[in-house]
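Trainee: Could we go through this model together, one question at a time, with the reasoning spelled out before each answer?

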Amino acid sequence: MDKKTLIEWDKNYIWHPFTQMKYWLEEEPVIITEGRDCFIKDIDGKWYLDGVSSLWVNIHGHRKSEIDEAIKSQLDKIAHSTLLGLCNEPSIILAKKLADLLVRHLSSGDPLIKIFYSDNGSTAVDIALKIAYQYWTNLGIKGKDTFVSLKEGYHGDTIGAVSVGGVELFHKVYKPLLNRSIQASAPYCYRCEFKLSFPSCNFACLNEMEQILKENREKIAAVIIEPLVQCAGGIIVWPEGYLKGLKQLCTKYEVLLIADEVATGFGRTGKMFACEHEEVTPDIICLSKGITNGYMPLAVTVVRKKIFNAFLGDIEERKTFYHGHSYTGNPLACAAAIANLDIFEKERTIENLSAKIELLRERLNEIAQLENVGDVRQKGLIAGIELVKDKKTKEPFSYKEKAGLKVVRLARKYGVWLRPLGDVIVIMPPLVISVDNLDRLLNVIKNCIIETIS
Ligand SMILES: *Cc1c(COP(=O)(O)O)cnc(C)c1O
């Protein structure tokens with residue numbers, strides 16, 4: 001199909017996500033036709049370094065032969081059968097692998113071993129919220145119908161997930177549609193709400209959290225967070241100790257802790273799961289993005305055994321979890337995930353990250369010196385560069401200036417693909433990126449910041 005027709009049809013028929021379509025219709029879009037390793041190719045044959053892992057999912061690179069083969073081989077057996085009343089082989093094997101992985105990495109207390117499948121991060125979160133609420137009602141504890149979440153938090157785009165979302169730009173318009181939630185201040189040190197600095201603040205944000213839990217414990221079902229890095233809210237990296245402190249508060253006030261590791265899970269932060277950094281085991285964990293290496297839509301919500309047990313009973317007790325999707329436990333997606341998890345062991349993906357994490361740290365320190373760079377934040381192989389109009393006062397650029405967009409547009413010319421979050425330049429390359437390619441990625445970003453706004 002020729003490029004001109006494809007562009008015409010795209011503009012005629014596709015409504016792109018998170019996109020002001022007025023601008024889209026005025027511009028020439030890039031059509032991707034191929035990928036290999038950490039690169040994607042457009043219809044004109046130009047290759048780009050995939051600096052955001054095709055939106056944070058592609059951890060082992062494109063066209064990974066083991067995953068290609070796993071899907072092809074599953075395809076020769078069956079593409080889909082339901083988990084409603086039936087089992088299938090890949091979903092069973094994957095569940096066992098995930099349970100083992102979680103027990104190995106997040107081992108404190110009652111194990112996280114009961115796995116509920118769905119298709120994407122938002123549904124994984126909705127499922128977690130429903131389970132948390134029903135857990136309490138099944139135990140006969142009424143009134144726990146509220147969730148605590150963080151400002152700048154992001155948990156997906158369905159109504160349930162938006163109810164616990166804290167990104168004003170994305171979420172404010174839907175307020176009238178949303179369920180009950182209480183928002184606590186995020187540990188966003190660069191723009192601290194209490195105008196304090198870490199560590200002399202003594203975690204003022206945790207004190208506020210404690211107040212909320214103390215005053216509302218009877219109505220709170222769970223606290224939901226993105227552990228260590230609030231990604232879509234602008235790569236907000238937490239100060240060390242916040243997560244552990246939060247977990248202690250949840251235990252003290254007897255509310256569940258839901259860890260949304262949709263973005264941070266599977267090695268992103270330098271460990272398999274972000275919660276590992278502070279030896280915290282949540283009661284419920286949500287995983288998606290990296291799970292199939294971007295091959296197939298898949299997510300899991302995993303709960304502790306005691307939560308699962310609260311749903312057991314005779315049918316008339318009405319303790320059943322009435323939830324499920326058409327594609328729950330899809331065999332092709334599960335086969336892709338099994339192959340992807342095997343690669344972690346085979347290629348020692350996480351062990352091989354340390355040199356890259358170090359390089360990223362060094363290069364970010366350089367970039368932090370630039371005139372319009374207010375803050376750089378990093379955890380493992382996630383980083384954010386916050387661009388500001390005034391480095392001293394931290395005054396942001398106005399929306400209209402589109403500083404972040406200008407930088408990534410120029411990077412595209414140099415063969416690097418990025419997608420910013422407003423004026424935060426996001427660095428989220430495949431975990432298997434080579435040291436040389438990572439260095440090149442950072443060179444391009446640095447030069448583009450200098451050329452466009454500094
Ligand atoms: C991306 C994301 C989601 C939503 O996942 P989708 O697959 O896009 O629905 C939820 N939580 C976090 C932390 C995410 O980064």
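Trainee: Which elements are included in what covers the buried residues of helix 10?
Mentor: This is a predicted model, and in it the buried residues of helix 10 (residues 242-252) are Tyr242, Leu243, Gly245, Leu246, Lys247, Leu249 and Cys250. An α-helix has 3.6 residues a turn, so residues three or four places apart point the same way. The cover over these buried residues includes strand 5 (146-150), helix 9, strand 7 (220-225), strand 10 and strand 12 (299-304).

Trainee: Which residue just after helix 10 takes a positive phi?
Mentor: Helix 10 spans residues 242-252, and the place to look is just after that run. The phi there is about 55 degrees, and the residue that takes it is Glu254.

Trainee: How far apart in space are Gly270 and Glu351, C-alpha to C-alpha?
Mentor: Gly270 is placed in the loop between strand 10 (256-260) and strand 11 (284-287). Leaving aside residues up to four places away in sequence, Gly270 touches His277, Ile350, Leu353, Ile357 and Gly380. Gly270 and Glu351 are 81 residues apart in sequence, while their C-alpha atoms are separated in space by 8.4 Å.

Trainee: Into which domains is the chain divided, and how far apart are their C-alpha centres?
Mentor: The assignment gives domain 1 as 31-59 + 350-453 and domain 2 as 72-347. Taking the C-alpha centre of domain 1 and that of domain 2, the distance is 27 Å.

Trainee: How much area is buried between domain 1 and domain 2?
Mentor: The contact involves 33 residues of domain 1 and 29 residues of domain 2. Carbon and sulfur atoms give 61% of the area buried between domain 1 and domain 2, and that area is about 2,600 Å².

Trainee: Which residues form the salt bridge between domain 1 and domain 2?
Mentor: Across this interface there are 13 residue pairs in polar contact, whereas the count of salt bridges between domain 1 and domain 2 is 1. In a network built from salt bridges that share partners, Arg191, Asp375, Arg377 and Glu386 are joined. With closest N and O atoms 2.8 Å apart, the pair that bridges the domains is Arg191 and Glu386.

Trainee: Which strand gives the largest share of the side of domain 1 that touches domain 2?
Mentor: Across the interface, where 13 residue pairs are in polar contact, at least two residues on the domain 1 side are supplied by each of helix 3 (53-56), strand 13 (373-379), strand 14 (382-387) and strand 16 (424-427). The largest share is 5 residues, and it comes from strand 13. By residue type, that side of domain 1 has 21 nonpolar, 7 polar and 5 charged residues, and the element with the largest share is, again, strand 13.

Trainee: Is Lys64, which forms a salt bridge with Glu347, buried or exposed?
Mentor: In this salt bridge the closest N and O atoms of Lys64 and Glu347 are 2.9 Å apart. Lys64 lies in the loop between helix 3 and helix 4 (65-75) and Glu347 in helix 12 (residues 331-347), so the pair ties together parts that are 283 residues apart in sequence. Glu347 is partly exposed at a relative accessible area of 28%. For Lys64 the relative accessible area is 16%, and because the limit for the class is under 20%, Lys64 counts as buried.

Trainee: How many residues apart are Glu366 and Lys446?
Mentor: Glu366 and Lys446 form a salt bridge in which the closest N and O atoms are 3.1 Å apart. Glu366 belongs to helix 13 (residues 354-367) and Lys446 to helix 15 (residues 435-452), and the pair thereby links distant parts of the chain, with a separation of 80 residues.

Trainee: Which side chain is joined to that of His60 by a polar contact of 2.7 Å?
Mentor: His60 is placed in the loop between helix 3 and helix 4, and with 1% relative accessibility His60 counts as buried. Beyond residues up to four places away in sequence, His60 touches Asn293, Asn340, Ile343, Phe344, Thr349 and Val432. The side chain joined to His60 by the polar contact of 2.7 Å is that of Asn340.

Definitions and conventions: Residues numbered from 1 in each chain as written. Predicted model: local features only at pLDDT ≥ 70, side-chain atom pairs only at ≥ 80, totals over all residues. Heavy atoms only, no water. Domains from an automatic or database assignment. Contact = heavy atoms within 4.5 Å. Buried area = accessible area lost by both parts, 1.4 Å probe. Salt bridge = Lys/Arg side-chain N within 4 Å of Asp/Glu carboxyl O. Polar contact = N/O pair within 3.5 Å; in protein donor to acceptor, adjacent residues only side chain to side chain. Helix = DSSP H or I, 4+ residues; strand = E, 2+ residues; numbered from the N terminus. Nonpolar A, V, L, I, M, F, W, Y, C, P; charged D, E, K, R; others polar. Buried < 20%, exposed > 50% of the residue type's maximum accessible area, 1.4 Å probe, protein only.
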